[in-house]
Amino acid sequence: MKIGLFYGSTTCYTEIIAEKIQAAMSGEYHVELFNVKTDPLCKINDYQILIFGISTWNYGELQEDWGDIWASLSTIDVKNKIIGLYGLGDQVAYSDWFVDAMGMLHDELLPLSPMFVGYWSTQGYQFISSKALIDEGRLFVGLAIDEDSQYEQTDQRIKQWVQQISAEINAICSQ
Ligand SMILES: Cc1cc2nc3c(=O)[nH]c(=O)nc-3n(C[C@H](O)[C@H](O)[C@H](O)COP(=O)(O)O)c2cc1C
């Protein structure tokens, strides 16, 4: 099965995580990577399963390339498509806005009726507030990665998240 992974990345961290997710999923899925800065958004139409990666900048702002295409997002057709999100942030230096952009992306896509996979426990993170929370703060809307202050946990988190979304995708596809 193929997956389209679309990311925006200012200093390459979100891009590196995209490559790690691609490698971690390679046994079961063919994950193709797209940088939203340079690749057209209409490529989304080629995939039934999508992963979107976004970092947060400047006190709760969208990563700039996602910001540039933000207005077009409401026009993409993701109804009933499977979407997993991951977000990069820094829970120590930007504790009031931790991975906010991932929450903003989730909220923007929600009215388009996709099927989200990969909601992720907030256990093990320490931050003051985040726009990426659901279930009374128990879950992030996707995988939260902190390469600034918890980089040593990244590989394990990716491994676990990939197992989780693979199981969720299989469950949806076998319905
Ligand atoms: C100037 C600056 C502002 C940032 N603002 C936030 C923020 O508001 N919230 C957050 O969680 N992380 C914030 N970060 C951390 C970045 O999201 C983090 O370093 C991320 O890994 C960058 O990924 P990228 O290189 O793929 O864009 C900020 C980092 C910098 C340097």
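Val99 is buried, at just 1% relative accessible area, and it sits in the loop that runs between β5 (82–88) and α3 (100–109). Its phi is near 45°, which is a positive value in a residue other than glycine. Keep in mind that this is a predicted model. Below is a quick tour of that loop residue and its counterpart, then the helices, a few individual side chains and the largest pocket.

**Positive phi away from glycine**

- As background, most residues other than glycine have a negative phi.
- Val99 goes the other way, with phi near 45°.
- Glu136 is also a residue other than glycine with a positive phi, in this case near 50°.
- You'll find Glu136 in the loop between β8 (133–134) and β9 (139–140).
- Is Glu136 buried or exposed? Glu136 is exposed, with a relative accessible area of 74%, whereas Val99 is buried at 1%.

**Helix α3, right after the Val99 loop**

- Of the 10 residues of α3, 7 are buried, so this helix is largely enclosed by the rest of the structure.
- The buried set in α3 is Asp100, Ala101, Met102, Gly103, Leu105, His106 and Leu109.
- Leu105 turns up again in the contacts of two α2 residues, being touched by Trp70 and by Leu73.

**Helix α2: Trp70 and Leu73**

- Trp70 is in helix α2, which covers residues 64–73, and Leu73 belongs to α2 too.
- Trp70 counts as buried because its relative accessibility is 18% and the cut-off for buried is under 20%.
- Leu73 also counts as buried, with 1% relative accessibility.
- Setting aside residues up to four places away in sequence, Trp70 touches Leu62, Met104, Leu105 and Glu108.
- With neighbours within four places left out, Leu73 is in contact with Leu41, Trp66, Leu105, Glu108 and Leu112.
- Leu73 and Leu112 are 39 residues apart in sequence, with 9.5 Å between their C-alpha atoms.
- Trp70 and Asp148 are 78 residues apart in sequence, and their C-alpha atoms are 26 Å apart in space.

**Helices α1 and α4: buried faces**

- A bit of helix geometry first: an α-helix has 3.6 residues a turn, so residues three or four places apart point the same way.
- α1 has 12 residues and reaches 16 Å from its first C-alpha to its last, close to the 16 Å expected at 1.5 Å a residue.
- Which residues of α1 are buried? They are Thr14, Ile17, Ala18 and Ile21.
- Looking down the axis of α1, those buried residues fall within an arc of 110°, so they line one face of the helix.
- The cover over the buried residues of α1 includes β1 (2–7), β2, β3, β5, β10 (143–145) and α4.
- α4 (residues 154–173) has 20 residues, and its first and last C-alpha atoms are 28 Å apart, close to the 28 Å expected at 1.5 Å a residue.
- The buried residues of α4 are Thr154, Arg157, Ile158, Trp161, Val162, Ile165, Ser166, Ile169 and Ile172.
- Those α4 residues cover an arc of only 160° around the axis, which puts them on the same side of the helix.

**His30 on strand β2**

- His30 is in strand β2, which covers residues 30–35.
- At 48% relative accessibility, His30 counts as partly exposed.
- Leaving out neighbours within four places in sequence, His30 is in contact with Met1, Lys2 and Ile3.
- His30 and Gly4 are 26 residues apart in sequence but 8.6 Å apart in space, C-alpha to C-alpha.

**The largest pocket**

- The largest pocket holds about 340 Å³ of space.
- Its lining has 20 residues, and Thr56, Trp57, Gly89, Asp90 and Asp148 lie nearest the centre.
- The elements giving two or more residues to that lining are α1 (13–24) and β3 (49–57).
- Which element gives the most to the lining? That's β3, with 3 residues.
- Sorted by class, the lining has 8 nonpolar, 9 polar and 3 charged residues.
- Asp148, one of the residues nearest the pocket centre, is the residue whose C-alpha is 26 Å from that of Trp70.

Technical notes: Residues numbered from 1 in each chain as written. Predicted model: local features only at pLDDT ≥ 70, side-chain atom pairs only at ≥ 80, totals over all residues. Heavy atoms only, no water. 1 Å grid on protein atoms, 1.4 Å probe; cavity = no way out; pocket = protein on both sides within 12 Å on 5 of 7 lines; lining within 4 Å. Points joined across faces, edges and corners; volume = space filled by probe spheres on them. Helix = DSSP H or I, 4+ residues; strand = E, 2+ residues; numbered from the N terminus. Nonpolar A, V, L, I, M, F, W, Y, C, P; charged D, E, K, R; others polar. Buried < 20%, exposed > 50% of the residue type's maximum accessible area, 1.4 Å probe, protein only. Contact = heavy atoms within 4.5 Å. Expected span 1.5 Å × (residues − 1). Arc of directions from axis to C-beta.
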